[in-house]
Amino acid sequence: MTHDTTGARRLLLVVADGVRPDVLAEEMDAGRVPTLAALRDRGSAHQITSSFPSVTGPAYVPFLMGTHPARVGMPGLRWFDRSRSLRWATGQSRSYAGIDIWHVDRDLAPEVPTLLEYARPSLAALSMIGRGATHGRIGRGIGWMFRAAPAHFRGDLLGWRRVEQHAVNVFFERFARIRPRMSVLGILSGDKFAHKFGPRSAPVRTAIADVDAAVARAQRIAARDGWGESLHIWITGDHGHDAITQHDDLHGWLEGEGLRVRAHPRLTVKNPDVVLMVGGNAMAHLYFTPGERSRRWWSNHAPAWDGLLDRLVSRPAIDLVAVNVSADVVQVRHAGRGHAEVRRAHGAGGARWSYVCTNGDPLELGGSLHHLDACTAWEVTAAGRYPDALVQLSLLGASARSGDVLVSAAEGWDLRSRFEPVPHVSTHGALLRDQMLVPLIVDTPIARTPQRTTDIVPSALDLLSITADTAFDGRSFLR
């Protein structure tokens, strides 16, 4: 059989990579993307939160696996392997911005299925995660790399868009033949255009028009071949974008402190004092005493490194520094707003989060908060500067693959002034609002307001009438 001939529901998830929800709404309201507007009118549109770090790669995990990326082994776009468990890892590190993209599916915890494994036949194109796709992971083979790499590393964005459009054409050829129950299609040029031209620029709006054209094409194919009624299309994003004017050389600053630093692309530094892994480029992991193969919590590092952190958090480029005190406690520091702790407790009713203002209110939540479930923890932060900060910091900090310290850049800054093929005028990765918020458009009635991208997976399974026993970090918005 070349395709699924049943009348079962099918879902196409389109990822508008790096597109801000407010810019998408502007395009729909102006009538420039009528297919997306009609999809919104048939269902609903929402502004939800991504994961921290808000960066491509990790941020695909929530809407394809239903869990925080660090919980399944992907704490960042770049990360360091203390345990030395990775094969073929230069400098015992990963950077999914390069050839390591081929390792993404194997680096993720195999016991947690993807949507592409739950619902078959399945198809993926231009998706950072393709594990389980029965009919191909378009854009991930060697041939695709030879097409895409020159455009990416030269900063040839029009060349990149041509590669993307070719991949979209291949996707729809298979989409028509297979009629997949689950498919995911990434439109990535919005992120690339935003980095170079800004998140509200005309090129980004062109990328949104490409998303609109893809949705219209899928609808035409399904209607032509008699399965239009069974096809559902949802739109989401992986991260937001925020304009910047200044670039901090965090790598160079650490070297100026007299430290031997291993960081991309300089991964051959021997016996480093610290490993720096920047992603987005508005967040970073810092790994101290990287020669040790097991993680130690901050009380073991504090005598040697607390002074450095005091100097780090006082830098203009730095907004928040999160220190991983234990598996359930993260200390958050801000230069002007003091210190607080995010604490997680476990019980029969699930995890509960508390925010304890020990010496200030760095997250600007108005004081201490106690014993919040995940939904309430989202609600009390959703309208603030750091949406979903309590849950995101807690889950990221607990991962064995995360740094000892997490750094989130200040507004208007990123943390990597060197080594980028395109000078950035916009960034993402930080815990800041405009970098954490992403769009969600669904074409079916909902039972409750979506909160996080982790809600997409249990909702998709409900839509497709598939039962799962995975303990998701999100909740279905269809029931």
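Leaving aside neighbours within four places in sequence, which residues is I221 in contact with? I should like to open with that residue, and I note at the outset that we are looking at a predicted model.

I221 is in contact with F172, F175, A176 and W227, once its neighbours within four places in sequence are set aside. The residue belongs to helix α9, which covers residues 202-224. With a relative accessibility of 8%, I221 counts as buried. For a sense of distance, consider D100, which is 121 residues away along the chain: its C-alpha atom and that of I221 are separated by 34 Å.

Let me turn to the helix itself. Helix α9 has 23 residues, and from its first C-alpha to its last it reaches 33 Å, close to the 33 Å expected at 1.5 Å a residue. Just after α9 comes G226, with a positive phi of about 85°.

Two of the contacts of I221, F172 and F175, bring us to an aromatic cluster. F171, F172, F175 and W227 form one such cluster. F171 and F175 both lie in helix α7, where they are four residues apart, about one turn of the helix. Both of these phenylalanines are buried.

Helix α7 spans residues 157-178. Its 22 residues reach 31 Å from the first C-alpha to the last, close to the 32 Å expected at 1.5 Å a residue. The helix is followed by R179, whose phi is positive, near 55°.

I move now to helix packing. Two packed helices are described by the angle between their axes and the distance between the axes. How do α7 and helix α8, residues 189-197, pack, at what angle and with their axes how far apart? The angle is about 175°, and the axes are 10 Å apart. Angles over 145 degrees count as roughly antiparallel, and α7 and α8 are therefore roughly antiparallel to each other. On the α7 side, the residues in this contact are L157, W160, R161 and E164; on the α8 side, they are S189, K192, F193, K196 and F197. One detail at this junction concerns W160 and K192: the charged end of K192 sits over the ring of W160, 4.6 Å from the centre of that ring.

The next pair is α8 with α9. Their axes come within 8 Å and cross at roughly 175°. That angle makes α8 roughly antiparallel to α9. Here S189, G190, F193, A194 and F197 in α8 meet P203, V204, A207 and D210 in α9. S189, F193 and F197 of α8 thus appear in the contact with α7 and also in the contact with α9.

Let me now consider aromatic pairs across the whole structure, where a search finds 10. One of them is formed by F80 and Y287, and this pair is edge-to-face, with 5.5 Å from centre to centre and 70° between the planes. Why can this pair be said to tie together parts that are 207 residues apart in sequence? The reason is that F80 lies in strand β3, residues 78-80, whereas Y287 lies in strand β13, residues 283-288. F80 is buried, with a relative accessible area of 1%, and Y287 counts as buried at 0% relative accessibility. The rings of F171 and F175 give another geometry: their centres are 5.6 Å apart and their planes stand at 25°, so this pair is stacked.

I shall finish with three residues in strands, again leaving aside sequence neighbours when listing contacts.

The first topic is N324, in strand β14, residues 318-326. N324 is buried, with a relative accessible area of 1%. Among the residues that N324 touches are R295, W297, W298, D404 and L406.

Next is V261, whose place is in strand β11, residues 261-263. At 1% relative accessibility, V261 counts as buried. Its contacts are H251, L254, E255, V269, V274 and L276. P362 lies 101 residues from V261 along the chain, and the C-alpha atoms of the two are separated by 28 Å.

Finally, is S44 buried or exposed? S44 is buried, with a relative accessible area of 15%. This serine lies in strand β2, residues 44-49, and S44 touches L39, L440, I441, V442 and I446.

Definitions and conventions:
Residues are numbered from 1 along each chain as its sequence is written. This is a predicted model: local features need pLDDT of at least 70, side-chain atom pairs count only at pLDDT 80 or more; totals for chains, interfaces and linings use all residues. Side-chain values use heavy atoms; hydrogens and water are left out. Helices (H or I, at least four residues) and strands (E, at least two) are DSSP runs, numbered from the N terminus. The expected span of a helix is 1.5 Å times one less than its number of residues. Rings of Phe, Tyr and Trp (its six-membered ring) pair if their centres lie within 6.5 Å; planes under 30 degrees apart count as stacked, over 60 as edge-to-face and the rest as tilted. Buried means under 20% relative accessible area, exposed over 50%, partly exposed in between (1.4 Å probe, protein chains only). A charge sits over a ring if NZ of Lys or CZ of Arg is within 6 Å of the ring centre and within 35 degrees of the ring normal. Contact means heavy atoms within 4.5 Å. Axes are lines fitted to C-alpha atoms, for helices over the stretch in contact, and angles run from 0 to 180 degrees between N-to-C directions. Angles under 35 degrees count as roughly parallel, over 145 as roughly antiparallel, 65 to 115 as roughly perpendicular and the rest as oblique.
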